[in-house]
Amino acid sequence: MGPYITAIAIGIGLSACCGFRVFVPLLAASLAGYLGWIPLNQDMAWLGTMPAIISFGVASVLEIGAYYVPFIDNLLDTIASPLAVAAGTLVAASVLPAGEMEPLLRWGLGLIAGGATAGSIQLGTGILRLFSTKSTAGTGNALVATGENAAAITGSALSLLVPVIFAVIMLVLAGWIIYKAFGRLAGK
């Protein structure tokens, strides 16, 4: 049971970080798989290869840089929302033990635990950026982007170092974001 909990926690933590930046947690998972820090499923072994590391590294640098361009960052949020869910699902499913779990269960759990967490965090960051754009005419968005970058990088590292604790924190944050988002919708 212990390896399952750790694998699920790593998946949730990295997935949540996909809500801050899509490619940074994928880069972290890629590096961790390549270095043997986390076991990757046989069908997801490509994630721990040098071409994947290079691809996710380049994508991470481009994504981080693009969020510092005013108004492009808001456009990226519309693209990043479905990508965050997909990346969260992928990273969560990649660390779940494949040999002992049916593929439908593994991908379903990846979508529910990983994709939903990533989507919730992305929803929160998108709303925060929209608020920042409206209240500061986009000038405060660089500060928001810096916080998201720090959260994605630090969170990805914490997902690998203290997975269970970080997963619980991210689940609480995702739950709070959903509660606040739906609370505002219901109140209007």
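Hi everyone, let me start right at a meeting point: Leu14, Cys17 and Cys18 in helix 1 meet Pro25, Ala28 and Ala29 in helix 2. The residues of that contact are 6 nonpolar, with no polar and no charged ones among them. Before I go on, please keep in mind that this is a predicted model.

Now the two helices themselves. Helix 1 covers residues 2–18 and helix 2 covers residues 23–34. Their axes come within 7 Å of each other and cross at roughly 145 degrees.

Let's stay with Leu14 for a moment. What does Leu14 touch, leaving aside residues up to four places away in sequence? The list has Pro25, Ala28 and Ala29, which we have just met, and it goes on with Val91, Ser156, Ser159 and Leu160. Leu14 also turns up in the largest nonpolar core, a set of 22 residues. Along with Phe56 and Val91, Leu14 has the most contacts inside that core. Which helices each supply at least two residues of this core? They are helix 1, helix 2, helix 3 and helix 4, the last of these being residues 72–95. There is also a second, separate core, with 10 residues, including Ala16, Val24, Ala152 and Phe166. As general background, nonpolar side chains in soluble globular proteins tend to be buried together.

Phe56 brings me to the aromatic rings. The count comes to 1 aromatic pair. The partners are Trp46 and Phe56, with ring centres 6.4 Å apart and planes at 45 degrees, so the pair is tilted. Where do the two partners sit? Trp46 is in the loop between helix 2 and helix 3, while Phe56 is in helix 3, which spans 50–66, so the pair ties together parts that are 10 residues apart in sequence. Are these residues buried or exposed? Phe56 is buried, at 11% relative accessible area, whereas Trp46 counts as partly exposed, at 40%.

Another ring has a charged residue for company. Arg21 lies over the face of Tyr67, 3.8 Å from the ring centre.

Next, a look at the backbone. Most residues other than glycine have a negative phi. Phe71 is not a glycine, yet its phi is positive, at about 70 degrees. You will find Phe71 in the loop between helix 3 and helix 4, and it is exposed, with a relative accessible area of 51%. Ala137 is another residue with a positive phi, near 55 degrees. Ala137 belongs to the loop between helix 5, residues 103–136, and helix 6. With a relative accessible area of 55%, Ala137 is exposed.

To finish, here are two pairs that may help you find your way around on the screen. Start with Gly147, which is in helix 6, residues 141–161. Gly147 is partly exposed, at 38% relative accessible area. How far apart in space are Gly147 and Ser94? From C-alpha to C-alpha it is 27 Å, with their positions 53 residues apart in sequence.

Then there is Ser55, in helix 3. Ser55 is partly exposed as well, with a relative accessible area of 46%. Ser55 and Ala167 are 112 residues apart in sequence, and their C-alpha atoms are 26 Å apart in space.

That's my tour, thanks for listening!

Technical notes:
Residues numbered from 1 in each chain as written. Predicted model: local features only at pLDDT ≥ 70, side-chain atom pairs only at ≥ 80, totals over all residues. Heavy atoms only, no water. Axes fitted to C-alpha atoms, helices over the stretch in contact; angles between N-to-C directions. Helix = DSSP H or I, 4+ residues; strand = E, 2+ residues; numbered from the N terminus. Contact = heavy atoms within 4.5 Å. Nonpolar A, V, L, I, M, F, W, Y, C, P; charged D, E, K, R; others polar. Phe/Tyr/Trp six-rings, centres within 6.5 Å; stacked < 30°, edge-to-face > 60°. Buried < 20%, exposed > 50% of the residue type's maximum accessible area, 1.4 Å probe, protein only. Lys NZ or Arg CZ within 6 Å of the ring centre and 35° of its normal. Core = buried A, V, L, I, M, F, W, Y, C linked by side-chain atoms within 4.5 Å.
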